[in-house]
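Open the structure in your viewer and keep the selection tool ready. Each stop below says what to select and what you will find there.

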Amino acid sequence: MTTLITGADGYLGRRIVAALGGEDLILAVRCTDQAELERKRARLARVTEAPVVPVDLRDADPFALVDPRSVTRIVHAAAVIRFDVSRDTADGVNASGTARVREFAQRCDRLDRLMLLSTLYSAGRRRGEVHETRHDDAGFVNHYEWSKWAAEECLLDPPGLPVTVVRLPTVIAEDDGGEVAQYNAFHHTMRLYHSGLLTLLPGDPATPLSLATAEFTVAGVTALLTAPPGIYQLCAGPVTLGTAIDTAFAVFERDPGFRRRMLPRPIPCDRASFHDMAQAARRLRGGPLQPALASVAPFAEQLYLPKHFRTDRLRAAWPGYQAQDATAVVEAACADLIERSFRVAAH
């Protein structure tokens, strides 16, 4: 059994490689030249001796160097995951790139699994309960969400391939200890609050957030590789937006320097007010407000669209499933962010 992993050098890709390190693997990475390829090979060699091949999903035949006869499983982890990604890039890599993965998979005669790492927010603008089923087009807050929905649709229609879609949560820490190894929208937003650059809270404080650790996420992905094909929502246990912010500020307020600045906790604002503020900030030149809001605006509207992700299929397929204490994970991650700020300041 040989597993091809796309995006093998990415944040989750490397951790999936490590989790499957005892198996036969082929590691696909994107690189601009031979020097970058060698750097990525050296980095992955710390985890496994598996071969590393260059694959750019924007190419007409990205898997030209991979023999389809040897591949029995594909884990498609390669993607652009920024909320502010342009439509063209989201299409070229996430949507059209997945179509090229499908084309390659159709040439793999021994294939018994094609796993797509998607996102819970392929649900787009829908509200309420979200089931582990195909989504119709409910509209999307940003091009990233649209592209991951389009990637799901590409693999699920027409049926025929042994497809597993895993909708991932937002990963905010390595494990329950809270170490932050890669920043995303959650961390950037928390830093804005800590610095006082953001004083409003976009969203409904009752909106559930799906936050998790890399440890939980990778364990779920590897467990689902041997589960029946289908759609799974990898939720670790929700925390409301209001609780997440209160928890973050409780951590910040342990810092005497933060307390001396006497920064207030953010005030919830409605969607129209946040939209007006973001529009005004775009017209400003210079100052910290415009870049601060630019980092929040591409996903802020999701915070007004409460969703409750069902995990019935996940729990049935993953006997080792254990919900995480999301509040404790937020607390640990914010504490690590503060610690890192101190270390940077000290140097």
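At what angle do the axes of helix α5 (residues 185-195) and helix α7 (residues 241-252) cross, and within what distance do they come? Hold that thought for a moment while the ground rules are set.

This is a predicted model, so local features need pLDDT of at least 70 and side-chain atom pairs count only at pLDDT 80 or more, while totals for chains, interfaces and linings use all residues. Residues are numbered from 1 along each chain as its sequence is written, and side-chain values use heavy atoms, with hydrogens and water left out. Helices (H or I, at least four residues) and strands (E, at least two) are DSSP runs, numbered from the N terminus.

**Stop 1: α5 and α7**

Select residues 185-195 and 241-252. The axes of α5 and α7 cross at roughly 50° and come within 11 Å. Axes here are lines fitted to C-alpha atoms, for helices over the stretch in contact, and angles run from 0 to 180 degrees between N-to-C directions. The two helices, α5 and α7, are therefore oblique to each other. For the wording: angles under 35 degrees count as roughly parallel, over 145 as roughly antiparallel, 65 to 115 as roughly perpendicular, and the rest as oblique.

The crossing of α5 and α7 is right-handed. That means the near helix is turned clockwise from the far one by less than a right angle; anticlockwise would be left-handed.

Now show side chains. From α5, pick Met190, Tyr193 and His194; from α7, pick Ile245, Ala248, Phe249 and Phe252. These residues make the contact, where contact means heavy atoms within 4.5 Å. By class, the contact of α5 with α7 holds six nonpolar residues, one polar and no charged ones. Ala, Val, Leu, Ile, Met, Phe, Trp, Tyr, Cys and Pro count as nonpolar; Asp, Glu, Lys and Arg count as charged; the others, Gly among them, count as polar.

**Stop 2: α1 and α6**

Next, select α1 (11-19) and α6 (residues 214-224). Their axes lie 10 Å apart, and the packing angle is about 60°. α1 and α6 are therefore oblique to each other. Their crossing is right-handed.

On the α1 side, show Tyr11, Leu12, Arg15, Ile16 and Ala19. They meet Ala214, Thr217, Val218, Val221 and Thr222 in α6. The contact of α1 with α6 divides into seven nonpolar residues, two polar and one charged.

**Stop 3: salt bridges**

How many salt bridges does a search of the whole structure find? The count is 18. A salt bridge is a side-chain nitrogen of Lys or Arg within 4 Å of a carboxyl oxygen of Asp or Glu.

Start with Glu23 and Arg73. Their closest N and O atoms are 2.6 Å apart. Glu23 sits in the loop between α1 and β2 (24-29), and Arg73 in strand β4 (residues 73-76), so the salt bridge ties together parts 50 residues apart in sequence. Glu23 is partly exposed, at 33% relative accessibility. Arg73 is buried, at 5%. Buried means under 20% relative accessible area, exposed over 50%, and partly exposed in between (1.4 Å probe, protein chains only).

Move to helix α2 (residues 34-44). Lys40 and Glu36 form a salt bridge there, at 3.5 Å from N to O. They are four residues apart, which puts about one helical turn between them. Both Lys40 and Glu36 are buried. Add Asp9 to the selection: Asp9, Glu36 and Lys40 are linked in a network of salt bridges.

Then pick Asp56 and Arg58, with closest N and O atoms 3.0 Å apart. Asp56 is buried at 15% relative accessibility. Arg58 is partly exposed at 46%.

**Stop 4: single residues**

Select Glu153 in helix α4 (residues 143-156). Glu153 is buried, at 18% relative accessibility. Beyond neighbours within four places in sequence, Glu153 contacts Arg134 and His135.

Go on to Arg310, in the loop between β15 (307-309) and α11 (312-317). Arg310 is partly exposed, at 29% relative accessibility. Leaving out residues up to four places away in sequence, Arg310 touches Glu129, Val130, His131, Glu132 and Gln233. Put a distance label from Arg310 to Tyr232: C-alpha to C-alpha they are 9.1 Å apart, and 78 residues apart in sequence.

Finish at Met262, in the loop between α8 (256-261) and β14 (267-269). Met262 is exposed, at 70% relative accessibility. Check its backbone: phi of Met262 is near 55°, a positive value in a residue other than glycine.
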